[in-house]
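Dear colleague,

Please find the structure below, handed over for your own work. A summary of the aromatic side chains and their contacts follows.

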Amino acid sequence: MLHKWMLAAVTALCLAPGARADGYTYADLVKRLTDLEALAVLPKPGNTCQQASSYDRASRLDPATGRYVAWDANGDGGGVIRAEGDQLVLAEMEGPGCIWRIWSAAPGKGRVRIYLDGDPIPAVDLPFAAYFDGKHAPFVYPSLVHDAASGKNAYVPIPFQRSCKVVAERNWGLYYHFTWERFPAGTTVPTFRQVMPQADLSALRRADEYLTGRLGEDPAGPRRDEQSIERRTRVAPGAAVTVARIDGPRAVTALRVRPRLGDRKDEVMALRELVLRVTFDDAAAPAVWSPLGDFFGTAPGINHYRSLPLGMTEDGFYSFWYMPFARGATVEIVNEGKSARTLDWRITHAPLDRPVEQLGRFHAKWHRDAFLPPEPERHIEWTMLQASGAGRFCGVSLHVWNPKGGWWGEGDEMFYVDGERFPSTFGTGSEDYFGYAWCNPARFVNAFHNQPFNSGNNRGHASVNRWHVADSVPFQTSFFGSIEKYYPNDRPTLYAAVPYWYQRAGSADAYGPTPVAERIGYFEVGPLPATEVKGATEGETMVVLERTGGDTSVQDLSAFGPAWSKDKQVWWTGGRPGDRLTLTLPVRRAGRYDIKLQMTCARDYGIVQWWLDGEKLGDPQDLYSAEVVPTGELILGTRQLTAGEHRLVAEIVGANPSAVPAHMVGLDYVLLAPANAR
């Protein structure tokens with residue numbers, strides 16, 4: 001039985017094909033937000049995209065030595081270009097151009113003013129937080145202005161003809177991005193004003209309606225002489241099947257597939273064993289080579305979400321990347337697993353609306369650790385894409401395997417365009433690049449950026465993506481895009497990525513296939529088992545009998561690795577020296593026991609003395625550590641205990657001189673080990 005996406009007509013959304021010869025109207029710019037076809041148009045000289053951000057200015061390129069200095073500097077919240085009196089300059093841009101994206105992790109009450117084309121009156125003058133609160137027109141459209149797992153995002157286009165300067169009051173907040181495009185010289189654009197004509201507001205509203213409620217439909221609507229190929233394929237182990245051969249000049253405009261799979265483990269394995277190959281114009285190597293699941297923007301397995309170019313739904317996977325070709329396109333599926341697989345396909349193609357010479361070829365290549373930077377001082381950079389010739393970088397999906405937990409993404413994106421030694425895009429954090437903030441593991445789904453899957457508190461698997469549509473990055477000779485990776489592979493913390501880009505037909509593409517053993521052999525499929533100390537009394541289960549100060553709660557420690565029993569502890573915060581916390585300690589059988597326990601150490605933890613039934617247990621325990629780590633199992637003494645409940649007391653007695661004086665205490669578990677067992 002064919003699926004409903006094979007039978008339903010696509011609802012049209014009328015969008016202009018691009019700019020007129022003399023430039024853009026505001027409505028033209030709004031249409032760029034959803035114009036996937038325009039991404040294939042090769043960039044003209046002078047067309048660039050870059051980002052102004054609050055990255056740590058300690059990172060620099062030494063002009064005398066040519067070496068990168070403090071390349072892992074991480075104070076990325078407050079960097080600015082310069083101060084001018086009481087004002088801070090966040091960004092300066094030369095036009096004609098357009099700001100496509102504004103992001104922040106913590107916008108404040110201080111005003112951020114955007115001055116355009118030399119006008120002394122700002123085009124926008126709002127508290128920075130008001131750019132994102134949805135209350136100030138035109139920043140009111142939910143698909144264009146939204147929160148995503150603590151990140152604040154605004155995609156309302158802000159064009160300018162000659163110049164743009166962004167200044168802020170000193171209490172503007174923390175962390176910012178302004179992503180902007182410079183158009184080729186001679187392009188005309190309107191100068192943005194916060195009070196907009198009704199026609200421009202209508203254009204924003206139409207785009208918002210599609211991006212809010214109609215993702216999963218081709219934004220271009222039905223095309224002239226559009227045709228579809230529908231078929232079911234069965235591909236045997238070790239075999240390759242040609243799904244479609246299309247003669248050109250034409251373009252693949254939509255690719256839909258539904259694989260028939262088993263349980264979660266089967267789908268995870270199958271979607272890495274099945275490989276999608278797409279070859280244009282009988283080239284020697286495919287332009288698309290990716291495990292099937294990863295190509296559609298998320299891994300591992302099937303994780304339902306809808307975005308503008310890609311998605312996974314109950315009815316199957318979809319892609320609306322525009323894939324033009326001159327003579328022909330071949331779509332293949334390869335099965336490198338041990339089981340035969342059945343897949344349902346619908347591939348839509350249409351004639352070209354532009355001369356094929358103006359169009360690049362779509363590329364998507366899955367890889368792990370390919371083309372890492374050669375300079376030792378850039379060891380922290382992990383390469384997302386290395387490309388040559390002319391083209392556009394259009395986004396990336398990233399799969400992270402991080403079984404020990406901890407925040408994997410403390411690293412900036414860097415884009416080096418056309419041989420730049422210092423990147424014209426320098427970010428502030430991995431989650432910031434993907435549009436969220438503060439390591440938030442919450443799932444979020446949007447048109448341009450998504451976290452379709454997170455195993456839980458960033459431990460295990462994380463899947464994120466970011467699509468550069470209006471803010472694609474043009475290049476004329478080369479592109480090198482990386483993201484910093486602070487955790488090493490042997491921790492292990494491992495990345496796999498699919499970058500998506502266009503490049504001129506005939507340009508070299510250095511990415512080759514990756515063996516199946518390297519695609520499936522490095523991660524676990526199921527949920528990670530929590531460490532459990534058998535026979536222990538978990539701190540988070542102990543009843544609080546008394547607390548003379550502060551608060552107690554149960555804290556999930558899975559983000560810091562599997563070293564805590566059941567990944568949790570009872571967490572005492574807000575206490576001060578002299579305060580006591582009294583817990584129940586149940587004893588099932590009378591006997592003589594070694595009193596063992598494990599606590600947590602961190603930079604804001606105190607020194608604690610333990611008592612049992614009014615008697616001291618051992619010496620005070622200093623819980624200071626620069627990192628969050630367990631103490632390991634400690635023996636605090638041996639006691640003869642009766643059956644029943646006993647009173648275990650923690651007393652805060654001070655703090656290490658190096659500690660942040662917050663005096664926190666965390667108890668993982670208590671284990672009563674029979675003394676005669678020694």
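**Aromatic contacts**

Phe 317 is buried, its relative accessible area being 2%. Please note that the model is a predicted one.

The partner of Phe 317 is Phe 296: the two ring centres are 5.3 Å apart and the planes stand at 55°. This angle is not over 60°, the cut-off for edge-to-face, nor under 30°, the cut-off for stacked, so the pair of Phe 296 and Phe 317 is classed as tilted. The contact joins distant parts of the chain, with the two positions 21 residues apart. Phe 296 belongs to the loop between helix 5 (292–295) and strand 21 (305–306), whereas Phe 317 lies in strand 23 (residues 316–319). With a relative accessibility of 0%, Phe 296 also counts as buried.

In total, the structure contains 46 aromatic pairs. Another of them is formed by Phe 128 and Phe 132, whose planes meet at 70° with the ring centres 5.3 Å apart, so this pair is edge-to-face. Phe 128 and Phe 132 are both buried. These two residues also belong to one aromatic cluster, together with Tyr 26, Tyr 131, Phe 139, Trp 172, Tyr 176, Phe 178 and Phe 192.

Charged groups over aromatic rings are the remaining topic. Arg 57 is placed over the face of Tyr 55, 4.1 Å from the ring centre. The ring of Tyr 68 has the charged end of Arg 378 over it, at 5.4 Å from the centre.

With kind regards

Note on methods. Residues numbered from 1 in each chain as written. Predicted model: local features only at pLDDT ≥ 70, side-chain atom pairs only at ≥ 80, totals over all residues. Heavy atoms only, no water. Phe/Tyr/Trp six-rings, centres within 6.5 Å; stacked < 30°, edge-to-face > 60°. Buried < 20%, exposed > 50% of the residue type's maximum accessible area, 1.4 Å probe, protein only. Helix = DSSP H or I, 4+ residues; strand = E, 2+ residues; numbered from the N terminus. Lys NZ or Arg CZ within 6 Å of the ring centre and 35° of its normal.
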